[in-house]
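User: I would be grateful for a close look at a single part of this structure, with the reasoning set out step by step. Please explain how that part is placed relative to its surroundings.

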Amino acid sequence: MSNQDVITVAHQAEQHRFVVNTQGVEAVLEYHLAGQDIDFHRTFVPPVLRGQGIAEKLVRTGLAWAKSEDFHINASCSYVVKFLR
């Protein structure tokens with residue numbers, strides 16, 4: 001990915017995940033919903049995309065959405081926990 005490429009995060013609400021599709025691969029942030037509780041449980045970025053800030057962009061986008069929806073936010077994914085401190 002070049003510096004000119006823009007990272008676009010798509011929310012696939014029916015699949016309970018946020019995704020970035022680039023270079024023919026997919027990075028994801030997955031969550032579970034239970035009423036007003038949300039648990040971000042998995043972040044995965046394929047090795048070819050690592051080190052480009054994609055995981056952070058996924059998490060920040062997911063958390064911003066969850067806050068805008070007034071969800072009670074939890075994270076069983078250790079990467080997401082870092083953003084909740």
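Analyst: A residue counts as buried when its relative accessible area is under 20%, as exposed when it is over 50%, and as partly exposed in between. The model considered here is predicted, and the part chosen is helix H1, residues 54-68.

The length of the helix comes first. H1 has 15 residues, and at 1.5 Å a residue these should span 21 Å. The end C-alpha atoms of H1 are 21 Å apart, in agreement with that expectation.

The next matter is which side of the helix faces inward. The buried residues of H1 are Ile 54, Ala 55, Leu 58, Val 59, Gly 62, Leu 63 and Ala 66. Seen down the axis of H1, the buried residues fall within an arc of 160 degrees, and they therefore line one face of the helix. A general rule of helix geometry helps here: an α-helix has 3.6 residues a turn, so residues three or four places apart point the same way. The face turned away from the buried side of H1 carries Lys 67 and Ser 68, which are exposed.

Several elements cover the buried residues of H1, including strands E2, E3 and E4, strand E5 (72-75) and helix H2 (78-84). The largest nonpolar core has 20 residues, and those touching the most other members are Phe 18, Val 20, Leu 29, Phe 40, Ile 54, Leu 58 and Val 80. E2, E3, E4 and H1 each supply at least two residues of this core. H1 gives the most, with 6 residues. Phe 18 illustrates how the helix meets its surroundings: among the residues that Phe 18 touches are Leu 58, Thr 61, Gly 62 and Trp 65, together with Leu 29 and Phe 40.

The helix also holds a charged pair. Glu 56 and Arg 60 form a salt bridge, with their closest N and O atoms 2.7 Å apart. Because the two residues lie 4 places apart in H1, about one helical turn separates Glu 56 from Arg 60. Glu 56 has a relative accessibility of 34%, so this residue counts as partly exposed. The structure holds 3 salt bridges. Another of them joins Glu 30 and Arg 42, at 3.3 Å from N to O; this pair links distant parts of the chain, with Glu 30 in strand E3, Arg 42 in strand E4 and their positions 12 residues apart.

Finally, just after H1, Asp 70 takes a positive phi of about 60 degrees.

Note on methods: Residues are numbered from 1 along each chain as its sequence is written. This is a predicted model: local features need pLDDT of at least 70, side-chain atom pairs count only at pLDDT 80 or more; totals for chains, interfaces and linings use all residues. Side-chain values use heavy atoms; hydrogens and water are left out. A salt bridge is a side-chain nitrogen of Lys or Arg within 4 Å of a carboxyl oxygen of Asp or Glu. Buried means under 20% relative accessible area, exposed over 50%, partly exposed in between (1.4 Å probe, protein chains only). A nonpolar core is a set of buried Ala, Val, Leu, Ile, Met, Phe, Trp, Tyr and Cys residues joined through side-chain atoms within 4.5 Å. Contact means heavy atoms within 4.5 Å. The expected span of a helix is 1.5 Å times one less than its number of residues. The arc is that of the directions from the helix axis to the C-beta atoms.
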